Amino acid sequence: MQQTFYNHKSLLKNGKPWFPVMGEFHFSRYPAECWEQEIRKMKAGGVNILSTYVIWIHHEEEEGCFDFSGRRSLRDFLAACKKWQMPVFLRPGPWAHAEARNGGFPDWLVQKGWQLRTDDPRYLEKVKIFWEQIYRQTKDFSDIILGIQMENEYGHAGGLQGEAGNQHIRTLTALAKEIGFRADYWTATGWGGAMIGDLIPVMGGYCDEPWAPFDKPRLPSGNYLFSAERNDGNIACDHRPGLELSFPAGNYPYLTAELGGGLQVTHHRRPRLSSGDIAAMSLAKLGSGCNLLGYYMYHGGTNPRGRLSTLQETIATGGGSDLPALSYDFQAPIREYGQMTDTLKELKLLAMFVRCFGESLCGMDPVFDPAAASVTGYSEAEQQNTVVSGESPDAADTSRIRAILRRSSSGGYLFINNYQRLRPMQAHRQVTLQAEADGLSICWPAQDIESQTCFFYPFHFPIGETELTWINQTPLTRLGSHTWVFYGTEPLQFAAPAPLRQETILALTRDAAKNCWQIPQLPEGIFVSEAPILETETGAEIILRSDLGAEGQEISVDLLLAGSCLSAGQFLPARTLPGYAQTAGNPGNIRCFRRAFPVPACPARCRWTLQKELSGALIYDLEISYDRPPVFPEEELFLRLDFAGDAAELWLGGQCVADQFYYGDFWEVGLGRFGFPQKLTLKIFPLHSSDRVLLDVKPEFTDGVCCRLNGIQTILERKEEVL
């Protein structure tokens with residue numbers, strides 16, 4: 001009997017509903033010696049599937065000359081994933097886009113003049129040869145290759161439509177299986193009228209469109225609405241905007257593979273994202289019924305060097321946008337040089353939740369019809385209902401709170417979104433939220449709902465031998481058998497039909513929850529630390545940066561342990577629980593242990609000297625002096641460059657090694673992969689007020705020109721054993 005791996009609601013794993021979190025990381029865009037620690041960082045963020053493109057031009061830039069060495073070694077990357085028990089979703093193309101030159105096709109293939117991305121046998125023969133090379137890299141790792149995606153945006157961003165398009169996806173799928181590829185899940189991107197053949201469609205959503213072929217602001221994004229519409233028609237709107245789905249959405253689970261974990265910066269459109277932009281969009285998708293949160297990108301990177309050309313997308317080579325030649329930072333949760341960001345912490349809140357409670361969530365449907373279930377929010381200050389319930393009708397309406405129920409017959413969640421990117425929502429005072437449906441009537445205590453906030457509350461939530469009828473906190477995780485962890489901004493309140501006996505509720509502030517870290521070796525414990533904590537082969541380590549505080553200042557790490565697991569190594573017991581924690585039920589079930597780590601001193605300084613001005617550009621000599629040589633990759637030294645202009649480049653020994661378009665934020669460059677050089681050259685190119693460039697954050701211009709260096713800071717990052 002053939003095993004079923006999905007139904008119309010969710011993916012299935014071992015026959016049970018499964019809600020994973022997937023993060024994109026391109027191995028060929030990152031130094032191989034760092035892969036293992038970056039995989040551990042993704043796991044620390046709650047990612048439990050790693051997706052990766054195998055970008056054709058990165059491996060066969062010259063016809064018949066294959067390169068799977070160094071950072072291009074798929075085999076070594078899969079070995080690293082296997083070591084750290086990270087399942088992989090393989091995306092072998094053949095067309096990828098991925099902001100790569102020719103969408104990932106090698107120049108020699110484009111120059112053949114064939115009908116690419118069709119069943120042209122000459123094209124398919126070249127695909128077969130390339131895929132056979134990929135298969136040789138993967139055949140020993142079939143146990144961790146969980147899924148395979150065919151093509152990308154096929155029938156939307158190029159390719160055929162209609163039955164011919166579906167047939168091509170079927171042809172590619174059959175070819176992959178003929179070669180030997182095996183996986184539980186076979187998918188195709190489905191937005192914008194894309195063709196899926198007989199595969200599972202995966203969807204996407206971005207909070208802006210830097211690829212859009214104009215430099216004017218977009219309308220407010222609909223990705224912050226609760227909606228039955230799974231299609232983000234603005235993805236790749238430089239190709240075929242506005243196309244409807246090519247398949248009946250109700251026949252498939254709502255899965256995403258391209259929620260923007262960030263956004264690329266193109267030359268003509270330069271959005272600057274906040275962590276809230278990504279978190280609120282994710283929560284809106286969760287409330288709308290999504291049962292897989294998949295992020296593109298989750299980890300940024302740097303384009304490898306081509307032997308014949310630069311490998312980034314450009315308008316001159318037929319792409320829709322000009323991208324930096326090297327940087328693929330993407331403002332991702334983990335940045336181009338491995339920096340773990342506040343966005344990672346925000347998304348970790350959702351990842352920890354679905355890891356623990358996702359199985360039951362998969363069986364809960366969003367209620368879009370307000371006649372079937374309604375949410376009201378009566379504001380005492382405004383003397384009116386401030387909530388729009390069910391499907392949110394208008395992204396431009398910033399005056400009303402958006403709400404939806406996601407429920408089953410036994411329980412569910414109330415989702416609240418009062419966030420819209422670049423358009424602050426109205427704050428509302430002392431709002432009493434109430435949910436009404438057949439057999440359901442829940443009222444939460446009055447609370448303030450601030451502008452640009454989002455959250456969700458459970459109702460009829462199982463907890464040990466009883467349930468919580470309601471609670472004004474958001475579930476995070478569970479420690480051991482009897483402790484449930486929540487977080488929120490309000491004092492803990494809840495109702496239950498019976499007293500809590502063995503059960504313990506641990507309620508944290510939202511900031512403390514963002515700073516929670518779990519490792520597999522300690523299922524009954526949770527670390528609370530501003531600095532990230534990663535699992536190691538024997539325990540855990542902390543990532544410390546010299547900009548976490550003043551030199552000599554200490555970073556506190558709390559270890560909250562539940563039940564009988566009271567071994568805390570070098571941690572010292574605290575007499576009371578920290579002020580960020582509230583408890584109910586059986587508070588004696590939780591112990592707190594504490595340890596402090598000194599903020600590291602930075603052993604390097606940078607001097608910069610203006611060498612010359614050339615055609616309006618500024619060229620600086622950078623001299624970096626070291627008290628001691630850092631050890632890479634255990635340590636990293638960042639240059640944080642505060643510049644303004646059109647773009648900047650760092651040069652080493654006559655070669656450009658790093659670049660970035662200005663978009664209103666600092667530019668951090670890790671020097672470890674370059675051998676911690678002592679001398680670099682910085683070039684800053686001018687931006688003119690007349691340039692057709694859309695910036696969320698506009699710099700100051702002098703006589704219509706902006707080109708300046710405000711300063712450079714050196715930052716050390718190092719790791720220390722925690723447990």
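## A tour from the largest pocket outwards

Start by selecting α7 (275–287), α8, β32 (540–545) and β42 (667–670): each of them supplies at least two residues to the lining of the largest pocket. Helices here are DSSP runs of H or I with at least four residues, strands are runs of E with at least two, and both are numbered from the N terminus. You are looking at a predicted model, in which local features need pLDDT of at least 70 and side-chain atom pairs count only at pLDDT 80 or more, while totals for chains, interfaces and linings use all residues. Residues are numbered from 1 along each chain as its sequence is written, and side-chain values use heavy atoms, with hydrogens and water left out.

**Stop 1: the pocket**

Stay with the pocket for a moment. It holds about 860 Å³ of space. To find its middle, select R335, M340, T341, D342 and R640, the closest to the centre among the 37 residues of the lining. Which helix gives the most to this lining? Pick α8, which supplies four residues.

How is such a pocket found? On a 1 Å grid over the protein atoms alone, a pocket is an open set of points where a 1.4 Å probe fits, with protein on both sides within 12 Å along at least five of seven lines; lining residues have an atom within 4 Å of a point. Grid points are joined across faces, edges and corners, and the volume is the space filled by probe spheres set on the points.

**Stop 2: E668 and R640**

Keep R640 selected and add E668. The two form a salt bridge, with their closest N and O atoms 2.9 Å apart; the term means a side-chain nitrogen of Lys or Arg within 4 Å of a carboxyl oxygen of Asp or Glu. E668 sits in strand β42 and R640 in strand β39, 28 residues apart along the chain. E668 is buried at 13% relative accessibility, whereas R640 is partly exposed at 21%. Buried means under 20% relative accessible area, exposed over 50%, and partly exposed in between (1.4 Å probe, protein chains only).

**Stop 3: more charged pairs**

The structure holds 42 salt bridges, and two others are worth a click. Select R421 and D277, whose side chains meet at 3.1 Å, N to O. R421 is in the loop between β19 (412–418) and β20 (428–437), D277 is in helix α7, and 144 residues separate them along the chain. R421 is buried at 6% relative accessibility, and D277 is buried at 4%. Now add D208, R269 and D696: together with D277 and R421, they are linked in a network of salt bridges.

Next, try E258 and R91, which form a salt bridge at 3.3 Å, N to O. This pair joins strand β9 (residues 256–260) to strand β5, across 167 residues. E258 is buried at 5% relative accessibility, and R91 is buried at 2%.

**Stop 4: a glutamate without a partner**

Go to E336, in the loop between β13 (327–328) and α8 (342–361). What is the nearest side chain of opposite charge to E336? That is R673, 5.2 Å away, and E336 has no salt bridge although it is buried. For charge, Lys and Arg count as positive and Asp and Glu as negative; His and the chain ends are not counted. The E336 side chain does make a polar contact with the side chain of S327, at 2.8 Å. (A polar contact is a pair of N or O atoms within 3.5 Å; within protein, one must be able to donate a hydrogen and the other to accept it, and residues adjacent in sequence count only if both atoms are side-chain atoms.)

**Stop 5: backbone oddities**

Most residues other than glycine have a negative phi, and most peptide bonds are trans. Here are some exceptions to look up:

- G93 and P94 are joined by a cis peptide bond, omega about 15°; P94 is in the loop between β5 (88–91) and α4 (107–110).
- F632 to P633 is also a cis peptide bond, omega near 5°; P633 is in the loop between β38 (617–626) and β39 (635–644).
- N14, not a glycine, has a positive phi of about 55°, and is exposed at 68% relative accessibility.
- D703 has a positive phi near 55°, and is exposed with a relative accessible area of 78%.

**Last stop: helix α1**

Finish with α1 (residues 35–44), where nine of the 10 residues are buried. Among them are W35, I39 and M42. Just after α1, G46 takes a positive phi of about 100°.
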